[in-house]
Amino acid sequence: MAGEGLYEDGRWRWMLFDTNGFTLSSDLTDYDAIPIYLLRESAMFSNLCRNDAFKRQFAVTFMDLVNTSFSEETYGPFLESYDAAMREPMRHHLQRFYGTGDSELFDNQVADIRKFLECRKPYAVEQLREHLQLNGAPARVTVAVNETEAGSVTVNTVTQKLGQDGQWSGDYFTDYPVTLSAAPAEGCRFVRWESDALENGVSEEETIEVAVPEDGVYIKAVFERINFQF
């Protein structure tokens with residue numbers, strides 16, 4: 001429809017609200033919010049979970065977030081930057097309202113958040129498996145490229161940050177395959193995927209689905225540079 005805005009298509013969308021610090025406390029590391037706040041109080045979510053396609057997408061995206069946004073490589077630098085930015089304002093806050101410029105309270109709160117993030121993953125993953133009634137278990141998925149500057153790899157919904165060794169690893173439930181997409185950098189082209197999990201060990205399709213076995217899976221994207229001749 002002409003003039004239609006980005007969200008004016010009649011679709012339902014989830015809205016995040018009430019983020020006032022109830023979570024991110026080490027006392028709530030093992031807290032199970034799914035049966036209360038999702039299955040019982042959200043009729044939409046509980047009914048959507050009856051749809052196999054939705055359940056698959058939710059489980060896969062959940063693990064995407066577990067492996068990226070809530071990994072130590074992500075939250076560690078964020079907490080450090082937060083600490084640096086808020087330390088001086090918090091000192092003035094504590095002096096004004098608590099009569100002390102001692103930063104111990106602030107330090108304890110930051111440490112408590114870090115402890116929650118460090119310990120939360122296994123509880124959240126197991127609670128997801130239980131309430132979505134998944135039959136499998138998390139297994140390791142490792143993706144790699146033959147040359148880090150030649151291209152990138154997207155795992156499900158996230159284009160992963162590869163290490164200096166050209167690899168990235170995360171955990172996914174064996175119930176569902178992972179979707180992998182290869183994107184060549186400028187001046188390069190995608191050649192193939194290589195993995196024992198693929199038929200004949202290779203695939204030339206840029207986007208593929210790969211099953212996740214119990215012992216995990218390793219798959220490499222091969223790129224090559226294009227030599228222009230004039």
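## Salt-bridge network around Arg87

In this predicted model, the side chains of Arg87 and Asp107 form a salt bridge with an N-to-O distance of 2.6 Å. This pair connects distant parts of the chain, since Arg87 belongs to helix 4 and Asp107 to helix 5 (residues 104–131), 20 residues apart. Arg87 also pairs with Asp83, where the closest N and O atoms are 3.0 Å apart. Here both partners are in helix 4 (residues 72–98), separated by 4 residues, or about one turn of the helix. Asp83, Arg87 and Asp107 are thereby linked in a network of salt bridges.

The members of this network vary in their exposure to solvent probe. Asp83 has a relative accessibility of 18% and counts as buried because that value is under 20%. Arg87, at 29%, is partly exposed, and Asp107, at 30%, is partly exposed.

## Other salt bridges

The model contains 13 salt bridges by the rule applied. Among them is the pair Glu194 and Arg192, with an N-to-O distance of 2.7 Å. Glu194 is partly exposed at 25% relative accessibility, and Arg192 is partly exposed at 29%.

## Nonpolar core

The largest nonpolar core comprises 36 residues, of which Val143, Leu180, Trp193, Val210, Ile219 and Ala221 touch the most other members. Helix 3 (residues 52–67) supplies the largest share of this core, with 5 residues. In soluble globular proteins, nonpolar side chains tend to be buried together.

Beyond its neighbours within four places in sequence, Val210 contacts Pro177, Val178, Leu180, Ala197, Leu198, Val217 and Ile219.

Key:
Residues are numbered from 1 along each chain as its sequence is written. This is a predicted model: local features need pLDDT of at least 70, side-chain atom pairs count only at pLDDT 80 or more; totals for chains, interfaces and linings use all residues. Side-chain values use heavy atoms; hydrogens and water are left out. A nonpolar core is a set of buried Ala, Val, Leu, Ile, Met, Phe, Trp, Tyr and Cys residues joined through side-chain atoms within 4.5 Å. Buried means under 20% relative accessible area, exposed over 50%, partly exposed in between (1.4 Å probe, protein chains only). Helices (H or I, at least four residues) and strands (E, at least two) are DSSP runs, numbered from the N terminus. Contact means heavy atoms within 4.5 Å. A salt bridge is a side-chain nitrogen of Lys or Arg within 4 Å of a carboxyl oxygen of Asp or Glu.
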